[in-house]
Amino acid sequence: MRFKFLFLVIFLFGISFVYADGCCFDVSSGICSLRVPYNSCPSPNIWNPDSSCNALSECSMGCCVLGRSVSYTTQRNCQIESSAKGFEFQWQPSSSANQCSSLSKAQTLGACIYDYDFCKFTEKKQCTPENFHEGKLCSDPSLKTRCKKTEKTKCFDDGNVYKVDSCGNRDELVNNCVYSEGYICQQKSSGEAFCKNLNCVDIGKKNGESWCIGLNGKILNSDVREVVFKKTNEKAGPIKKKGEAKDYIFQDNVGTRFFRQICIDGKVVTEPCADYRNEVCIPNGNNAKCVANPAQDCFAANVLDEETGLNKIENCDPEWCFVTRLDDCLQFLGEENIICGEERANWRNLPQAKAGIMVLEVSSDLMKELSLPMCVPKITTGRDLSSKNYSAKGECSIGDYGPKHAWLDHDMGSCDGWRIKESSTYNTIINSEEKRWGNAGLISLDPKDWKRDDCAGVGVGFCKVPNYSNHPLFFEGNKWCSLEDRFEINFPGMKSLASSGKIADPKLIELLNQRTIGLGDCAGKLNWLDVEGTTENIAESIVKRGTEGRTDHILFKFFFSAKDWRPPSSGNCTLCGADGLPCSEYRCKAIGKNCEYKEPKGIDSGVCVSSNDLRSPTIFHAQDPQNPVPPFSSVKIILNTDEDSYCKFDLSRTSGKIDNMKYETDGKFSRTHEFRLTMSRALREDEDVNNYPVLTKDGKYEIFIRCEDGAGNYNVNPYIINLEIMKTPDQIPPEILEFYPPSNSFVEFNKTTKKIKFRLNEPAECRWDLEDKHYDEMGISLNKEGNLYNLNQFSCDNQITEENIAEGFFCEGELRNITTVIGNSTRFYIKCQDQPELEGKEDQYYQRNKNNKSFQYVLKASHALEIIDFSPIEDYIAGSSIQNISIQLRTKDGAERGKAECKWRLKIGDVLSSWKLFNRTNSSTHIDLIPNPIETLYKIDVLCKDVAGNKASASYNLNLIIDRSPPKILRAYTSTGHLTISLDEKANCKFANNDGCIHVYNNGSSMERIKDKEFKTSLKKGTPYYIRCEDLFGNSACYPEIVVY
Amino acid sequence: MKNRGKKSQITLFIVLGILVLVGIISLFFLFSKPEFVKPTKDKDFYNEITPCIKKTLEKVLPEYLEKGFYFDPNNKLVYQGKDVSYHCYTSAKKTICTRNDAQSKTRIEKELKEKILSDVENCFKDFKNSNPSYKIEMGELNFSIEIVPKRINLKAKREIKISKGESEQIISNFDSYLDSSLWDLIKISNEILNQESSCNCPVDSCTADTIGLMNKYNDYAITFFTGSKGDRVYTIKDYYNKTKLNFAVKNCDKTP
């Protein structure tokens, strides 16, 4: 028994060991992995139950010196890497990676000569002192080694481009590829290396630079948490307009997501932050980050104070949360400004408070009673919007308000009725001693919401309204109820007490709504529960006698509920991802209840489709010609589907999956799909079916079709098109269906040859000639030996394969003797002969068919393409605020009067950007922008190509000069009663005769422009002239006073 | 006469000396079994086999990396139309994931070896078939893979006796290597997973600091994609040879 128990203990211990997470030290690599279960760390690796790896000495980290670089790693890993990279093993324990940088030291490098004239460029300690020549290269002529300079370049360990000497040693530095600037060294070929530009040149971002995409799908330039509060404070004021707060504080963020974008290797990569706004993208300079959104912590800060029954807010983290208030503002006595929001919360720290200035509460007493302040997140998190998760009492219910009671006091005024008084007396109700009952914010404080009692009506009072539960208040006049329904007919005081909804203070409702939205994917609903009472006796319930037996109160019940936000019943699901950002389940489902999220190709391929559609498309077809079709006829098949779809086909039966099908119809997502099949023929009796696997004896073929709609529904059972081919011999000559490039195309300038390709309906042999001849005579020439030979033969597909049936039979070859005379064209005649397999086997029935009529193909000569203009070039002067430089290129001639596609690239120093198509091209004018230009010399290469293949290239220098200097006065002189100044650049000038320079610019008089750079004004002798000029780039200067006596 | 006799004697000694030397050299070649015989001028047998071995690995490596160090992952998701294995997984909400043995170098070496072993064997068979004019006898194949910094060593030991007429040579070492960033990929992916699995869930975001890692490992682009259900796929791409490693993580899932 004792053994059994011991065994059980050992067994359980063993089990817990196997499944517990721990630290695994991989002996063969020296790396330590956290949170690895024992059974995932096989021997000889070392496992320790401490998941953090702190308890495993092998996992102690340290600084590993590898040549000039230092890495923070384990001792074992350092040993392996040092050995593999040929460095001396140097490792020392360290608790932080930051300490390693101090160990990074420059190596002493130089030429090490051995065996008389052999040389190696190496570290000092790798060489004997007498042979070491510090700082010298092996190719240094003074060392007289056998290593000579070469033009070859190579990437070396430090990541820079160096020349290589004839012994393979590092020679002169060619380029410093600075990673932080976005460059890495890359070997183009064995003898050529270069600094590869990883930056996203077209958008002006460096490699590794990242930025945030905010909830509106646009770039977020500042911390979204700060934006919220800045805006709130800006908008704070004594009177808030309805909806103002909603626009700035409580954004309706349902279905939104943060993204980080990063420039990597010249491309922008979108990295989604966690969906449901569980992560928020925070920009921080050039390094954006998706950080966890602690929205739930904000709600946790709301604690119910059992003593007061009010919400007590504790530790509402101002970084992520804020307290909802409405008009909860302060005003220091004698000041106009009202202090709200965050400042109000910390009002004691304000200088006015410290100075002892009296503070006035701007908020109404009403609001103080409501216990409405709540700590809510600045950025809410989203909820599961699946319909199965909707609940009336979900998490949103913390935004419920009520039930609350409202008492309407009986005014014992002259009209002996229930009334709300106007103006100053109006508040007497609110501020009466009955206030202790709490008006719960129900009663609108705005008299305009109430109809004045004029004491004039007869028979005016309350009336009974059936089904009152949908009518919170039913104090209506005599218009709306019959005498029988009237209640308290003798109350003449009230013409109409209120209409539905109006009685509630709109500010309260707004606040409750905002607060609800602030809970995240919640929606508020105002529920009036009517006056207290029973349905049996409405009258009794209206004139509520009150719990204390008072007869002069009406009790209203009020309940505001916060419910889960629900998507609209129907939405345009395709909008998800239409902004170029990945669609996700949350983004999709927020669009509409009909939207369903799918990931057909994985988590990165989310699409949002309408879930109402569970049916695969219905397919119909038409074909031309009808069955039976002549052999090798091109059969046009038109598929019609009853919804947009994407269709594929197979020529043999496949599995039930559309993805496995081989051929696309037309690649379109539409209701009509048209495609052609070049149907072959039936096998002749003498042909062996094994030699023609795709042909049948009976000439019957099946085409299997599947079409898939946007919701991913497709017909598992294929739609079958039966095609039947006549069993008669093929008596129709081959037909050319399409030329590539098409006839009437241009040929490159001065070129007499062009390779072309064409598609036929059947396998054939084809020839061309410049004259329209019989097929047998086409292209026939005599060689030197007097033998006939054919130079004008095309190379053609002559096998019948499934691919050929689906895509056609192709021939290709080169056409020669094309005219180079501009404006002229060359006409080629092409004829073909079908059934190459019958060569030598023709009989009276089965014969090869030749084209009687030639297919004509025309090629036209073209001009050379020319680049005629590029701007700007040479020195380009701009102001310091320049955002980009607009570049423009013009092309002329070529095949289509200068129309071409042009691209450009920049070279700054030795660094080349990649080619980029002009933003506007495919015309004779090509325009683009160089973003974020810097003051430097740009070399701009341009390359254009037109439809004929004509190319034109050019390089231009553009020297960007930033003008930071104000205009200088070159000369000032007097002439014919004028003071004239001459400047060194274009500008505008003003002058004044007093107050010195300070006021000239604003209050000075304009000087008259004589030329671009010359200005004059009438001269008053003995009077000082203060002149200030500003150039076109905003640089200005005020010059020393000028006085002419 | 005396002089002539002396001269003859010296000549005799020289001749004898040469004979002895030739004898010793012959004996050396006769009794020593060369480990590696330099191929004949017209045939480089070593270089007929090793490129084939390298190709077998080159062929499978991209798929292996895109799937995350597994050829047939058990626990996987689909990313860019392909299966990608989870390296750290938890099905529970707001909890830290548990890792598997994905980063074990020994396991990776073993799996790669097993995947290509039959193809490596075929390299030898093809070699034999493509040299019908030679008599080729092969011993047992001893093959292993070793991942080291910057490369993968392919260690193939097999004694092959190649004979044609009188001449015969024996080759037994077909070691070669492939330039590869696999070592670094294991190391970087491990750092990502260490960050993921040591995060303060659910307070902090568990996404690894990919930008920090890129600053540490300048030769690699490291990106991630977080899916709708909280799955995250990391991609590490070598700028130089475009090698791409994908692996998935399901960690500290806070989706509702």
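Which residue stands opposite Cys112(A) in S8(A)? Select Cys112(A) and look across to the neighbouring strand: the residue facing Cys112(A) there is Lys120(A). The model on screen is predicted, and the tour starts from this pair.

**Stop 1: strand S7(A)**

Select residues 109-114 of chain A, which make up strand S7. Of these 6 residues, 5 are buried, so S7(A) is mostly covered, buried being under 20% relative accessible area.

Next add residues 118-123 of chain A, strand S8. The two strands run antiparallel and are joined by 6 bridges. Besides the pair Cys112(A) and Lys120(A), pick Leu109(A), whose opposite residue in S8(A) is Glu123(A).

Now move to the turn. S7(A) and S8(A) form a hairpin, with 3 residues between the strands. Select Asp115(A) in that turn and check its backbone: phi is positive, at about 45 degrees.

S7(A) has another partner to show. Select residues 132-134 of chain A, strand S9, which runs antiparallel to S7(A) and is joined to it by 3 bridges. One contact to display is Gly110(A), which has Glu134(A) as its bridge partner in S9(A).

**Stop 2: the second largest pocket**

Leave the hairpin and select Phe194(A), Cys195(A), Leu912(A), Ser913(A) and Ser914(A). Of the 30 residues that line the second largest pocket, these are the closest to its centre. The volume of this pocket is about 740 Å³.

Which strand gives the most to the lining of this pocket? Colour S14(A), residues 192-197: it supplies 6 lining residues, the most of any contributor. To see further strands in the wall, add S12 (170-175), S54 (901-908), S55 (911-912) and S58 (937-945) of chain A; each of them supplies at least two lining residues.

Then colour the lining by class. The second largest pocket has 12 nonpolar, 7 polar and 11 charged residues in its lining.

**Stop 3: the largest cavity**

The last stop concerns enclosed space. Rolling a probe the size of a water molecule over the atoms shows where empty space is left. The count comes to 7 cavities of 30 Å³ or more, and the largest cavity has a volume of about 140 Å³.

Where should the view be centred? Select Ala274(A) together with Arg232(B), Asn251(B), Cys252(B) and Lys254(B), the closest to the centre among the 16 residues that line the largest cavity. Both chain A and chain B therefore need to be displayed here.

Colouring by class again, the lining of the largest cavity divides into 3 nonpolar, 7 polar and 6 charged residues.

Conventions:
Residues numbered from 1 in each chain as written. Chains lettered and ligands numbered in written order. Predicted model: local features only at pLDDT ≥ 70, side-chain atom pairs only at ≥ 80, totals over all residues. Heavy atoms only, no water. Buried < 20%, exposed > 50% of the residue type's maximum accessible area, 1.4 Å probe, protein only. Helix = DSSP H or I, 4+ residues; strand = E, 2+ residues; numbered from the N terminus. Pairing = 2+ DSSP bridges. 1 Å grid on protein atoms, 1.4 Å probe; cavity = no way out; pocket = protein on both sides within 12 Å on 5 of 7 lines; lining within 4 Å. Points joined across faces, edges and corners; volume = space filled by probe spheres on them. Nonpolar A, V, L, I, M, F, W, Y, C, P; charged D, E, K, R; others polar.
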